[in-house]
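Me: I'd like to learn how to read a protein model, feature by feature. Could you walk me through this one?

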Amino acid sequence: MAQNAERLTTRPQDKALAVSVQHLVRRFGSRTVLDNIDLDISKGEFVALLGRSGSGKSTFLRALAGLDHDVLGEGSLQVPSTLSVVFQDARLLPWKRLVDNVTFGLSGANVKGRAMQALEEVGLHNRHLSWPAELSGGEQQRVALARALVRNPQLLLADEPFGALDALTRLRMHALLRRLCRHHEPAVLLVTHDVDEAIHLAQRILILDQGKLTVDVAVNLPDHSPARENETARIRRYLLQHLGVDTDLADATTSASPATPDQAPDQIAATSDVTRTPARTRRAA
Ligand SMILES: Nc1ncnc2c1ncn2[C@@H]1O[C@H](COP(=O)(O)OP(=O)(O)OP(=O)(O)O)[C@@H](O)[C@H]1O
Ligand SMILES: [Mg+2]
């Protein structure tokens, strides 16, 4: 743990990195929730963050978003100036129509046109004059995504954005988020409780446990089944083990098509010091 921790400093942006955190510490009273965390996220990289309830995921995300002024550290915190945050609840302003929710706080030329374009990207341009209360939960989250991405952020921070949605809507939102990310190419840090969501969406998955990033695993799924299913099952099993979940079910899935010796679960991830390695050189196995 950092001794004599001081407030984090900012440093000039590294060209290849969207996020660079060194020695980040967050305490609440005597309790250390984030214990000297280091993390680099490359530009355009999609990272998922898993962890048990209360492990500090939202606290970490708030620190990156600049919403927490009491984070400490001996190192530095580097995030892009253009970042957007999406939460589990859409947090739309109920007294503003959809288009005005998307333009809220937006500056520059053709604000309304950009908002309409963003609403079109999430399939809601025909509803631009609706009120938030007239939308379903999934539709409200789509507006929240439009509001986040209309700014073309270099970093999108998302705290369980699909956690309150039904399974079918969540799958549709996954497809939408993938499409939006291909278009806007932000770096993404997605906090989720859903291991499959993390594997499906992210290029890299972290687990936060007892204040540390204890797992940092790259996801390189083969294009074709059954290799894709095998790799998905293998990573899921590894993650569940590290989340303290009974892996009997995952064992049953993977036993049908055992991993080769060089694909042992122990080799698909490493501990927090891997975060110092450039992400693009990391391998899942
Ligand atoms: N403002 C605060 N004051 C005191 N303790 C706090 C504060 N904010 C968070 N905590 C504590 O920090 C710990 C981490 O909280 P956090 O919300 O980051 O967890 P989380 O991993 O996001 O959990 P969940 O998965 O349930 O959303 C919890 O034990 C929480 O009680
Ligand atoms: Mg949380």
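Me: Let's begin with a loop. Where does Asn110 sit?

Reply: Happy to start there. Asn110 lies in the loop between α2 and α3. Keep in mind throughout that this is a predicted model.

Me: What should I look for in its backbone?

Reply: Look at phi. Most residues other than glycine have a negative phi, and most peptide bonds are trans. Asn110 goes against the first of these habits, with a positive phi near 50°.

Me: Is Asn110 buried or exposed?

Reply: Asn110 counts as exposed because it has 9 C-beta neighbours inside 10 Å.

Me: Which residue in strand β2 has a positive phi too?

Reply: His23, which is not a glycine, has a positive phi of about 55°. His23 belongs to strand β2 (residues 17-28). With 19 other C-beta atoms within 10 Å, His23 is partly exposed, since the cut-off for buried is 20 or more.

Me: And which peptide bond is cis?

Reply: The bond that joins Ser225 and Pro226 is cis, with omega at about 5°. You will find Pro226 in the loop between β11 (212-218) and α7 (227-242).

Me: Now helices, please. How do I find the side of a helix that faces inward?

Reply: An α-helix has 3.6 residues a turn, so residues three or four places apart point the same way. Now take helix α3 (residues 111-121), where Ala115, Met116, Ala118 and Leu119 are buried. These buried residues are on the same side of α3 because they cover an arc of only 160° around the axis.

Me: What covers the buried residues of α3?

Reply: The cover includes α2 (98-103) and α4 (137-149). While you are there, step just past the end of α3: Gly123 takes a positive phi of about 75°.

Me: On to strands. How should I read their side chains?

Reply: In a regular strand the side chains alternate between the two faces of the sheet. Strand β4 lets you see this: Phe46, Ala48 and Leu50 point one way, while Val47 and Leu49 point the other way.

Me: How many residues of β4 are buried?

Reply: For β4 (residues 46-50) the count is 5 of the 5, so the strand is largely enclosed by the rest of the structure.

Me: Which strands pair with β4?

Reply: One is β9 (residues 187-191), which pairs with β4 in the parallel sense over 4 bridges. Within that pairing, Ala48 has Leu190 as its bridge partner. Another is β10 (residues 204-209), parallel to β4 and joined to it by 4 bridges. There, Leu49 stands opposite Leu206.

Me: What is the strand order in the sheet?

Reply: Reading across, the order is β7-β8-β9-β4-β10-β11, an open sheet of 6 strands with mixed pairing. β7 and β11 are the edge strands, each pairing on one side only. From one strand to the next, the twist averages 15°. You can also trace the pairing of β8 (residues 155-159) with β9, which run parallel and share 5 bridges; in that pair, Leu156 is opposite Val188.

Me: Which helix lies across β7 and β8?

Reply: That is α4, which runs at about 170° to β7.

Me: How would I read a single residue in β7, such as Ser84?

Reply: Check burial, then contacts. Ser84, in strand β7 (residues 83-86), counts as buried because it has 21 C-beta neighbours inside 10 Å. Leaving out residues up to four places away in sequence, Ser84 touches Ala148, Leu149, Arg151, Pro153 and Leu156. The C-alpha atoms of Ser84 and Leu155 are 6.5 Å apart, although 71 residues separate the two along the chain.

Me: Which residues are around ligand 1?

Reply: They are Phe28, Val33, Gly51, Ser53, Gly54, Ser55, Gly56, Lys57, Ser58 and Thr59. By class, this shell has 2 nonpolar, 7 polar and 1 charged residues. Helix α1 (residues 57-65) gives the most to it, with 3 residues.

Me: And for the whole protein, how many helices and strands are there?

Reply: The secondary structure comes to 8 helices and 11 strands. Of the 285 residues, 41% are buried.

Notes: Residues are numbered from 1 along each chain as its sequence is written. Chains are lettered from A and ligands numbered from 1 in the order in which they are written. This is a predicted model: local features need pLDDT of at least 70, side-chain atom pairs count only at pLDDT 80 or more; totals for chains, interfaces and linings use all residues. A residue is near a molecule or strand if its C-beta atom, placed from the backbone, lies within 6 Å of it. Helices (H or I, at least four residues) and strands (E, at least two) are DSSP runs, numbered from the N terminus. Ala, Val, Leu, Ile, Met, Phe, Trp, Tyr, Cys and Pro count as nonpolar, Asp, Glu, Lys and Arg as charged, and the others, Gly among them, as polar. A residue is buried if 20 or more other C-beta atoms lie within 10 Å of its own, exposed if 12 or fewer, and partly exposed in between; C-beta atoms are placed from the backbone. The arc is that of the directions from the helix axis to the C-beta atoms. Two residues are in contact if their C-beta atoms, placed from the backbone, lie within 7 Å. Two strands pair if DSSP finds at least two bridges between them. Axes are lines fitted to C-alpha atoms, for helices over the stretch in contact, and angles run from 0 to 180 degrees between N-to-C directions.
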